[in-house]
Each structure stands twice: as C-alpha cells, then as structure tokens.
Amino acid sequence: MTQDRRDFLTHTLAAAAAAVLPAAMAQGNPGPDGPDPRDRVFITNEDSNTLVVIDPRRNAVETTINLTSFDEDPRPPFRYVTAGVAPTHAAMIHKPLYHGCIDAHGAVPSPDGTLLATSGRGSSNIYLIDAVDKRVIGNTPNPAASETTSAERLSSGILLGREPHEPTFTRNGKELWVTLRGEARIAILDVAQALRHLRGADLSPVRQYLPTLNGPAQVWFNREGTLAFVASQKVARVDVFRVNAGPDGHSRPERLTTLDVSAQDKPGFTPFMKTTADGDEVWFSHKLADAVSCRSTRGTFDLHDSVALGMGARPNHVEFVANARGSVTYASLARVDDSGPGGIASSQIAIIDRGATRGQRRMIGSFFSHGREAHGLWTNPENTLLYVAHEQDELPGTPNAGQTVCSAFDVSDPLRPGFIAQIPLGNLNLPSGALRNKKSINLVYVRPGTKGQTA
C-alpha cells in the first residue's frame, strides 16, 4: 500500500464507515449468497447473565439463552419480577435461592463450532452450550414447570475457582483451559468428561490445576497446538507452556519460559490476546497502556511491534482480516467519543496495517463502532463480516435508546469497513417479566460443523 493511500485512510476511514450503503448491504448481505444458514453470533451479557444469539442473515436476535435461575418456582423469592418490580443487577444475583450465573463473561467456540464455553466469573463456574440447538448442556426438566414458571432448571455448570475469566479449547478439542483470574492457576478440563458430568455422571471433569502467573487473563494456543500463551492482568509477564499432548490427545503441560512485557505494558494489565490465522504472530491487548503489541509465536518469541493507540483508547479485543485488499489487525476501543455518526457518542475500532514491514506497523486509521464501549469482536470464516459487542447502553434520543447493541460491518475491504447494521439486543422474556440483555462482553461468530479460529 502506498504512503498516499495510508494518509488518505488516516483522515477518511471514520467518515467512510458512517456512509450510507446500498440497500442489499444494509440488509446484511455481504455477497451474492449472504451468510451460511448455519452461522450464528453469540454474545455474553454480563449484567443480565444471558447469551444472545444473532442470525447474521437477518442481523436480528434469534433467541436468548437463559443463564439465570429466575422463574423456576412460582414463589416470589425465585421470580425475576414480583408485584411489578424488577430488581437491580446487584439485587438480582443476590435474591434468595438464586443459583444461576453471576457475571457472564468469557466465551469461545470449540474447534468444530458445535460447543461454546461460557464463564460466570462471579459464580466461579463455566457452562457448556450446544451451539447447534442453542441450549445449555446439563439443564433438567423443571418439576414446577407451568405457564408461570420456566420449563427447565438451569444447570449449575462446573465449579472451578475464583474469577474464571476466559475459557479456551485446545486445538484438538480434547481439553478446555480456563484462566482463574482471581488466583494464579489454570483449570484444565477434559471436555468429554465435562459433558458426561453435566449430564449427570458422578465424575470430575477437571484433569489438573496448572500453576501460572498471578491474575491470568487468558490462554491462547499456537496454530500447531504445541504451545500455550498465558497473559496476565496483574503482572507484566506472559507465560509460555509446552502442551506436550500425549497419544490420547491430553496435555502434559510444562512451562517453557516467561516473557517480560513491561516495556509494552508497564501497568501489567493485558486482558486479551489472539494468534493470527497464519500462525506467525500472537497479538496482545494492553488496556491500561493504551497499546497493542505482537510477538513471534516461534523461537524466542521476539517482539515484532508495539503500537500506540492514543490516550485513553483502552483497547479490549483484537481481531484479524487478511485478503487480496489488505491485511489488518482491528482493536476494539473502550473509549467513547462524542463525534460519532449522526452526532451520537460512539467508540471506535482501531485499524493497524499488518501489511507494513515488521517493526514499522502502526495505527493507520479507525472507524466508529456504532455503540458505546466496544468490547468483543469476531469475523466470519470468509473474513468479510465483522461483529462488535458493546458494554454500555445507547443514550436517550438515539434510535435504540436504552438498549445494548451489537454492530455489523462489511470488511471485504479491510482498510475501508462499511457499516451494515446496529442490532438492539432486546429482552429475555421470562414468565414473570422481561429481563433486558445488558452489558455485552465477549462475542464469537460460529459456524457449527466447520473448523473455526480455535481449530
């Protein structure tokens, strides 16, 4: 890409993202055939403890998966709404006899896209979701089911430890590694045994607890599945483990090295990371340092780039798009700017040119996310669609006022993303009343039966 093109992008990307698109694009059709009928977008909502499912063919909510235990009994202590009063979030999760999820947070698909692992960081557990049937595995029929109560009783999930932040499947799908952010260890689960446990078998799904850095935020595996990278939100270090998979596919982890990332992340707060599709690099989001960085996934894991994103940018997640039109890293920014499309406050997504020479890569522009406090983001398998989750609700006087929203973009030209739709997440309709889907964190795009980003 020429310098003139970079300069043009720097000044025009934000405006281009807000431009009006043709009718076919506005309906969410990125090409002649549109998204695959199997495709779904899953979003964890921390304040409502729900999992929204979006159909990208319509860019509308298809269903909401309930991770609360409200309305399983007709008596007031069990209900969400009593006498016309809906509780605050804090009151909701502290209601007597509530046994549901608290602070639904992390989410990741299995390598084949048929399972989804979701963490309840406040309830210290994880849930497994059937991504095809869109239901919680381990739920049981509710003996008190009626027109005024729920048909199912929510599974207790799998109790793991303090603050399970992010789950990640190994590349072969045999294990699930869950970072316990409130501790200094990782819970490693046998996926097959976890499924049996959730369906009633009397056995432990936890293979071992692996000691690691204090405050581990996330694990991500290299493309070959032979190495595990562990970032922290308490220390400026990254642990690297050899996975050492045995003949049965299960790990025998061994710490290889610990990397010092204090030059890139002085505050020691790295909540998210991901490897590129080509497997060459691992990118880290240094939220309090307002920067991202990338390293080689091989050899001595040398630093390739450290990219400043601007004061107060507060990057959350990273995602990658590479095709004939360009190669970029996107970073979702938590900062909310007043100058969004139509004068509506919005966060932005930073664009980093991965096609530039290593050591010289930088932020070349940004585009508005069409929501406040952008967090999770994920692309479809073709790298033509990008979906973005947001933590904050839309402001009064806006088209989706009071709603948490997801945004969709056409990224077939990764350097010039085109806005498609802002999708209000609506409510989970419980028997006693409507629970608003609120404070989105993780977002994943899933095509069940197809190898995805964790494969």
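How many bridges join strand S2 to S3? I opened the notebook with this point, keeping in mind that the model is predicted, and I found that six bridges join strand S2, residues 50–55, to S3, the two running antiparallel. As one example of the register, I noted Thr50, which stands opposite Asn66 in S3.

I then looked up the sheet around this pair, and found an open sheet of four strands in the order S3-S2-S1-S33, with antiparallel pairing. Strand S3 (60–66) and strand S33 (440–446) each have a single partner strand, so one side of each is left without a neighbour in the sheet. For the turn between neighbouring strands of this sheet I recorded 20° on average, with direction ignored.

Next I turned to a second open sheet, where four strands follow the order S27-S28-S29-S30, and the pairing is antiparallel. Its edges are strand S27 (372–379) and strand S30 (418–424), each of which pairs on one side only. Here I wrote down an average turn of 25° between neighbouring strands, again ignoring direction. Within it, five bridges join strand S28 (residues 385–392) to strand S29 (residues 405–410), and I noted that Ala389 has Cys406 in S29 as its bridge partner.

Last, I checked a single residue, Ile158, which lies in strand S10 (residues 158–159). Is Ile158 buried or exposed? Its relative accessibility is 2%, and because buried means under 20%, Ile158 counts as buried. Leaving aside residues up to four places away in sequence, I listed its contacts, among them Ser124, Ile126, Leu189, His197 and Pro205. I also noted that the C-alpha atoms of Ile158 and Ser119, 39 residues apart along the chain, are separated by 9.5 Å.

Methods:
Residues are numbered from 1 along each chain as its sequence is written. This is a predicted model: local features need pLDDT of at least 70, side-chain atom pairs count only at pLDDT 80 or more; totals for chains, interfaces and linings use all residues. Side-chain values use heavy atoms; hydrogens and water are left out. Buried means under 20% relative accessible area, exposed over 50%, partly exposed in between (1.4 Å probe, protein chains only). Contact means heavy atoms within 4.5 Å. Two strands pair if DSSP finds at least two bridges between them. Axes are lines fitted to C-alpha atoms, for helices over the stretch in contact, and angles run from 0 to 180 degrees between N-to-C directions.
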